[in-house]
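Thank you all for coming; I would like to use these few minutes to walk through one model with you. Please keep the sequence and the structure in view as I talk.

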Amino acid sequence: MPNQTHRSGKLCDEWRVAVIIASIGRRIEIGQLLPHLLSQTLPPWKIILSVEKDDDLPEHIPTGVEIIKGPRGLTTQRNRGLEAVIDECDVIVFYDDDFIPAKNSISEIVNIFKKYPDIIASTGLVLADGVKKGGLNIAFLSKY
């Protein structure tokens, strides 16, 4: 976004996208999600994991991923993440801990906000959902 003033009054040269993931007891799922976030065509400016305790985290956490701990509850955990980035970023994305985004997911989210600067929120299309089938095979998702 070269030389444009963002709605918040910030002048910035590129879009700063924060991804917030609230999670409890899904360390494997977070471990599968993080590489997909880091390999986005437009990588997030910041990734925040909002968890209750250390046991909620995967064994390996890539450099730069911020951990925020506190009481459980989806809204509470998301709000903690919001408080950490609200004044620093242009777009905030909430992904579920068991979500695997398409490779261009963040880029496409930014494109929506570029194209429609008056909107304040957006949602997307889920291509595959394993919630009622016990999950999806991660190899299946690699084609997205």
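Let me begin with a term: I speak of a salt bridge when a side-chain nitrogen of Lys or Arg lies within 4 Å of a carboxyl oxygen of Asp or Glu. By this rule the count comes to 9 salt bridges, and I should say at once that the model is a predicted one, so that every distance I quote is a value computed from that prediction.

Before I turn to individual pairs, a word on the overall layout. The protein has 144 residues, of which buried residues make up 35%, and it contains 4 helices and 6 strands, which follow one another along the sequence in the pattern β-β-β-α-β-β-α-β-α-α. If we take the contacts between residues at least 6 apart in sequence, 63% of them join residues at least 24 apart. The exposed surface of the protein comes to about 8,900 Å², and carbon and sulfur atoms supply 52% of that area.

Now to the salt bridges, and to the one between Asp97 and Arg26, whose side chains meet at 2.8 Å, N to O. This pair links distant parts of the chain, since Asp97 sits in the loop between strand 6 and helix 3 while Arg26 sits in the loop between strand 3 and helix 1, 71 residues apart. Are the two partners buried or partly exposed? Asp97 has a relative accessibility of 7% and therefore counts as buried, whereas Arg26, at 31%, counts as partly exposed.

Staying with Asp97 for a moment, which residues does Asp97 touch, if we leave out those up to four places away in sequence? They are Ile21, Ala22, Ser23, Ile24, Arg26, Glu29, Ile30 and Leu33. In addition, the C-alpha atoms of Asp97 and Gln32 are separated by 9.0 Å, although the two residues are 65 apart along the chain.

A further salt bridge joins the side chains of Lys46 and Glu88, at 3.3 Å from N to O. Lys46 belongs to strand 4 and Glu88 to the loop between helix 2, residues 74-85, and strand 6, so this pair ties together parts that are 42 residues apart in sequence. Lys46 is buried, with a relative accessible area of 19%, and I would point out that the cut-off for buried is under 20%; Glu88, at 34%, is partly exposed.

The side chains of Arg78 and Asp96 also meet in a salt bridge, at 3.4 Å, N to O. Here Arg78 lies in helix 2 and Asp96 in the loop between strand 6 and helix 3, so that the pair ties together parts 18 residues apart in sequence. Both partners count as partly exposed, Arg78 at 23% relative accessibility and Asp96 at 43%. Finally on this topic, salt bridges that share partners join Arg26, Asp97 and Asp98 into one network.

Let me move from charges to the interior. In soluble globular proteins, nonpolar side chains tend to be buried together. In this model the largest nonpolar core has 20 residues, and those with the most contacts inside it are Ile21, Leu37 and Tyr95. The elements that give two or more residues to this core are strand 3 (17-23), helix 1 (27-38), strand 4 (46-51), strand 6 (91-94) and helix 3 (105-115). A second, separate core of 6 residues includes Ala18, Ile48, Ile68 and Cys89.

Leu37 brings us to helix 1, where Ile30, Leu33, Leu34 and Leu37 are buried. These residues cover an arc of only 110° around the axis, which puts them on the same side of helix 1. What covers the buried residues of this helix includes strand 3, strand 4 and strand 5 (65-69). Leu37 itself touches Val19, Ile21, Pro43, Pro44, Ile47, Tyr95 and Pro101, again not counting residues up to four places away in sequence. As for its geometry, helix 1 has 12 residues and reaches 17 Å from its first C-alpha to its last, close to the 16 Å expected at 1.5 Å a residue.

I will end with Val85, in helix 2, which at 0% relative accessibility counts as buried. Leaving aside neighbours within four places in sequence, Val85 is in contact with Ala18, Ile20, Lys46, Ile48 and Ile92. Its C-alpha atom is separated by 9.4 Å from that of Val17, 68 residues apart along the chain.

Methods
Residues numbered from 1 in each chain as written. Predicted model: local features only at pLDDT ≥ 70, side-chain atom pairs only at ≥ 80, totals over all residues. Heavy atoms only, no water. Core = buried A, V, L, I, M, F, W, Y, C linked by side-chain atoms within 4.5 Å. Buried < 20%, exposed > 50% of the residue type's maximum accessible area, 1.4 Å probe, protein only. Contact = heavy atoms within 4.5 Å. Expected span 1.5 Å × (residues − 1). Arc of directions from axis to C-beta. Areas by Shrake-Rupley, 256 points an atom, 1.4 Å probe, with all protein chains shown as cover.
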